[in-house]
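Please open the model in your viewer and keep the selection tool at hand. The tour moves from one residue outward, one selection at a time.

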Amino acid sequence: GKVIGYFYNDIYGKKVNKILVNDAYIKKLVEKNKKNVKRFFIKLYSSLKNHDKIKSFIKDAPVNEAYINKIVSLINLETVYQNNNIQNTYEYVIDDTFNFVIKSVDPFSFNNIERKIYDLKGIYDVYGIYSILDSIFKKFEKDGIKLFIAGKPVVDALLANYMSKDMNQFFPMVLLVIMLILFLSFRSLRGVFLPLITVIISTIWAVAIMIWLGFPITTATSFAPVILLAIGSAYGIHFLSRFSEDVVDAKTKREAVIKTIEHVGRPIAMAALTTIGGFFSLIISDLGMIQHFAGVTSLGVLSALIFSITFLPAILVLLPKPKKQLHIKDIDDHKNGAKKDFLDRVFIPIGKFVNHRYKWVILITFIVIAISILGMLRLSSDMNSIKLYHKTSVIRKADNFINKKLTGTNPFNIT
């Protein structure tokens, strides 16, 4: 008959990571596991001395229910661990056996689901279940009955849903803000869209590589595109700003592009490489979420650098020579009567103040640094996901109620 119930969550007959969990697959997996089980326990108990019968049984007996029960009894046999020659203690054997079972014997186990080793999307949807239950529970509120839904699965599911919404909202918002700043700076369509094109392509590259490598969308990686959009656009702005100056005296556009690369190629590369180094240093973190963030942002900044010194110059050569110098040059000509824009009126007085009051600026900077260091010493770490929600949110209220009136929502595991 069908071996239904072999896997957790009743996934028999469904596809998981393009694997159809049916009789043929289960039979193949069971035969493979029998070999793996025997190989594992032979290695695990290879250091046993004066226990030839046990070693012989592990090596020669067929792997079945009786075999597994015998192994379990051996694991709990204290006399086995009293031998000074044995390399494994009871705790090590338990840990090794548990890890082996989770990784090999049952690849779709609940522990693997928690570690997201397999993609089980479509088999169960916690957010969908929460939404259905929430809509049902709201019908009871008119009768004065208040029902609460909380717990780690719900908190994580809502968090994933909010992250997806935030990413879809923040990206266009940041895009519009950058476009506005570019327009105020350059006052031309090419000054707005050329830096944006390079950074958008580099962001798409970074996200595509993240998906290709199988990086999950987490709290950190969900904001990577927004960060890349803000950081990566600076390289295109630097290049375009210098090109607007070099193209005035250059005979051809090619000559202007070469001069621009000579003038700002090295500074742009150094700025990008130091940024990449800062992000990539996070790769040493023990948290996979932070490692993924480090990889995605580093690749994104590297892509922005490559496009800024290759793709952008190529586009500038193809486009017609600007009829007039981009507006950003006017800041150097304000003394000659050139019209000042909003940014000129803001930054020119700041420049004058810094030039005349540089001692005060240095003093204030050191004071701010000292205060910041004192603030850093008061930082505390907290991995409680529920605190990511506002105190007035529904899930936060539900969690507070259950923690106050019942035994609580947070699991505490002792192994």
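Begin by selecting Thr-260, which has a relative accessible area of 0% and therefore counts as buried. What you have on screen is a predicted model, and in it Thr-260 has its place in helix α11. With neighbours within four places in sequence left aside, the residues in contact with Thr-260 are Phe-239, Arg-242, Phe-243, Asp-246 and Gly-265. Add Glu-245 to the selection as well: from C-alpha to C-alpha it lies 8.7 Å from Thr-260, while the two are 15 residues apart in sequence.

Next, select Phe-239, one of the residues that Thr-260 touches. Leaving aside its neighbours within four places in sequence, Phe-239 is in contact with Thr-260 and also with Val-257, Ile-261, Val-264, Ile-268, Ser-308, Leu-312, Pro-313 and Leu-316.

From Phe-239 the view can be widened to the largest nonpolar core, a set of 37 residues in which Leu-196, Phe-239, Val-301 and Leu-316 are those with the most contacts inside the core. To see where this core comes from, colour α8 (152-186), α9, α10 (224-249), α11 (253-280), α12 and α13 (311-318), each of which supplies at least two of its residues. Which helix gives the most to this core? It is α10, with 9 residues. Apart from this core lies another one, of 12 residues, and you can find it by selecting Phe-40, Phe-41, Ala-61 and Ile-71, which are among its members.

Now hide the rest and keep α9 and α12, turning the view until both helices can be followed from end to end. Two packed helices are described by the angle between their axes and the distance between the axes. Here the axes of α9 and α12 come within 8 Å and cross at roughly 145 degrees, and the crossing is right-handed. On the α9 side, select Thr-198, Ile-201, Ser-202, Trp-205, Ala-206, Ile-209 and Met-210, and on the α12 side the residues they meet, Val-296, Leu-299, Gly-300, Ser-303, Ala-304, Phe-307 and Ser-308. Coloured by class, this contact of α9 with α12 shows 9 nonpolar and 5 polar residues, and no charged ones.

Within that contact, look for the aromatic rings, bearing in mind that the count of aromatic pairs comes to 5. Select Trp-205 and Phe-307, whose ring centres are 4.9 Å apart and whose planes stand at 75 degrees, so that the pair is edge-to-face. Because Trp-205 lies in helix α9 (residues 189-212) and Phe-307 in helix α12 (residues 288-309), the pair ties together parts that are 102 residues apart in sequence. Trp-205 counts as partly exposed at 45% relative accessibility, whereas Phe-307 counts as buried at 10%.

Then add Phe-311, which forms an edge-to-face aromatic pair with Phe-307, at 6.0 Å centre to centre and with 80 degrees between the planes. Phe-311 has 29% relative accessibility and so counts as partly exposed. Through these ring pairs, Trp-205, Phe-307 and Phe-311 are linked into a cluster.

Finally, show the whole chain again, whose secondary structure comes to 16 helices and 2 strands. Of its 415 residues, 33% count as buried, and Thr-260, where the tour began, is buried too. Among contacts between residues at least 6 apart in sequence, 65% join residues at least 24 apart.

Methods: Residues are numbered from 1 along each chain as its sequence is written. This is a predicted model: local features need pLDDT of at least 70, side-chain atom pairs count only at pLDDT 80 or more; totals for chains, interfaces and linings use all residues. Side-chain values use heavy atoms; hydrogens and water are left out. Rings of Phe, Tyr and Trp (its six-membered ring) pair if their centres lie within 6.5 Å; planes under 30 degrees apart count as stacked, over 60 as edge-to-face and the rest as tilted. Helices (H or I, at least four residues) and strands (E, at least two) are DSSP runs, numbered from the N terminus. Buried means under 20% relative accessible area, exposed over 50%, partly exposed in between (1.4 Å probe, protein chains only). A nonpolar core is a set of buried Ala, Val, Leu, Ile, Met, Phe, Trp, Tyr and Cys residues joined through side-chain atoms within 4.5 Å. Contact means heavy atoms within 4.5 Å. Axes are lines fitted to C-alpha atoms, for helices over the stretch in contact, and angles run from 0 to 180 degrees between N-to-C directions. A crossing is left-handed if the near helix is turned anticlockwise from the far one by less than a right angle, and right-handed if clockwise. Ala, Val, Leu, Ile, Met, Phe, Trp, Tyr, Cys and Pro count as nonpolar, Asp, Glu, Lys and Arg as charged, and the others, Gly among them, as polar.
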